[in-house]
Amino acid sequence: MNIDPNRLTVRRLTDFAAVETLYRERMKKDFARNELRPLANLRRSWERDAYDCYGLFRGEEILGYAFFVRLGGNYLFDYLAIAGEHRDEGLGSAFLRLLAGCFADADCVVGEVEDPDKAKDAAEREQRERRLRFYLRAGYRETGLRSVVFGADYRILEVPTAKTHTTDELREVYTALCRSVLPPAFFRTQFHMQ
């Protein structure tokens, strides 16, 4: 790692203008178009106080970001990225460790990772397996739950918090979080639990 992890901090973004800048300048490069929710959707969630955004900082330089859907004390990992010029330096792992402190009092934190078993070819499978291993090394655990959202197949992961949950509780939390951000028609037609 070229950056001293002791010089890194995580801060919650409190101004939507900073989120909008990240969206326009980074997220459009970091994520495929079909993976990005419209900025207006993020803004509505933000205005309802149902969306939290965190930055990984070295001083005032933002090296990465993580966005979460929030419903009460439950969170859904929505986006995570490290600045392109700082990838493969261990910052993603450092960021996940630092974020854990932000969610020490959360009821439940879940995330999604594209299911390697549903990859279309060997290269895509390897990429998905690498992402899954990244989260598992960070202490996330597989729940055994799977979903299909807008045709994308996911494995549902649980982020360690002080509380443990049954599979049924995790299914309920994940479903409620997805319902909170998807318009009703899309939730009915584009969201499926397996």
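Below, a visitor asks how the terms used for this predicted model are justified, and a guide answers.

Visitor: What should I know about numbering and confidence before we start?

Guide: Residues are numbered from 1 along each chain as its sequence is written. Because this is a predicted model, local features need pLDDT of at least 70 and side-chain atom pairs count only at pLDDT 80 or more, while totals for chains, interfaces and linings use all residues; side-chain values use heavy atoms, with hydrogens and water left out.

Visitor: How many helices and strands does the chain have, and how do you know what counts as one?

Guide: The chain has six helices and eight strands. Both are DSSP runs numbered from the N terminus: H or I over at least four residues for a helix, E over at least two for a strand. Along the sequence they follow the pattern β-α-α-β-β-β-α-β-α-β-β-α-α-β.

Visitor: What makes the chain as compact as a globular protein of its length?

Guide: Its radius of gyration is 16 Å, close to the 16 Å that the globule rule gives for 194 residues, so the description fits. The radius is taken over C-alpha atoms, and the rule is 2.2 Å times the number of residues to the power 0.38.

Visitor: Why are β6 and β7 called paired?

Guide: Two strands pair if DSSP finds at least two bridges between them. Strand β6 (residues 141–149) and strand β7 (residues 152–159) have six bridges, in the antiparallel sense, so they meet that definition. S147 stands opposite Y154 in β7. The two strands form a hairpin with two residues between them, and F150 in the turn has a positive phi of about 50°.

Visitor: How do you know that β6 also pairs with β8?

Guide: β6 and strand β8 (residues 191–193) share three antiparallel bridges, so the cut-off of at least two is met here as well. V149 stands opposite F191 in β8.

Visitor: Why is R12–D52 called a salt bridge?

Guide: The term asks for a side-chain nitrogen of Lys or Arg within 4 Å of a carboxyl oxygen of Asp or Glu. R12 and D52 meet at 2.6 Å, N to O, so the pair qualifies. R12 lies in strand β1 (residues 8–12) and D52 in strand β2 (residues 51–58), so the pair ties together parts that are 40 residues apart in sequence. The structure holds 24 salt bridges.

Visitor: What makes D52 buried and R12 partly exposed?

Guide: Buried means under 20% relative accessible area, exposed over 50%, and partly exposed in between, using a 1.4 Å probe and protein chains only. D52 has 3%, so it counts as buried, whereas R12 has 38% and is partly exposed.

Visitor: How do K120 and E124 compare with those cut-offs, and what is the distance in their salt bridge?

Guide: K120 is exposed at 69%, while E124 is buried at 17%. Their closest N and O atoms are 3.8 Å apart, so the pair falls within the salt-bridge limit.

Visitor: What makes a nonpolar core, and which residues touch the most other members in the largest one?

Guide: A core is a set of buried Ala, Val, Leu, Ile, Met, Phe, Trp, Tyr and Cys residues joined through side-chain atoms within 4.5 Å. The largest has 37 residues, of which M27, Y65, F67, Y79, V110 and Y174 touch the most other members. Helix α5 (residues 167–181) gives the most to this core, with six residues.
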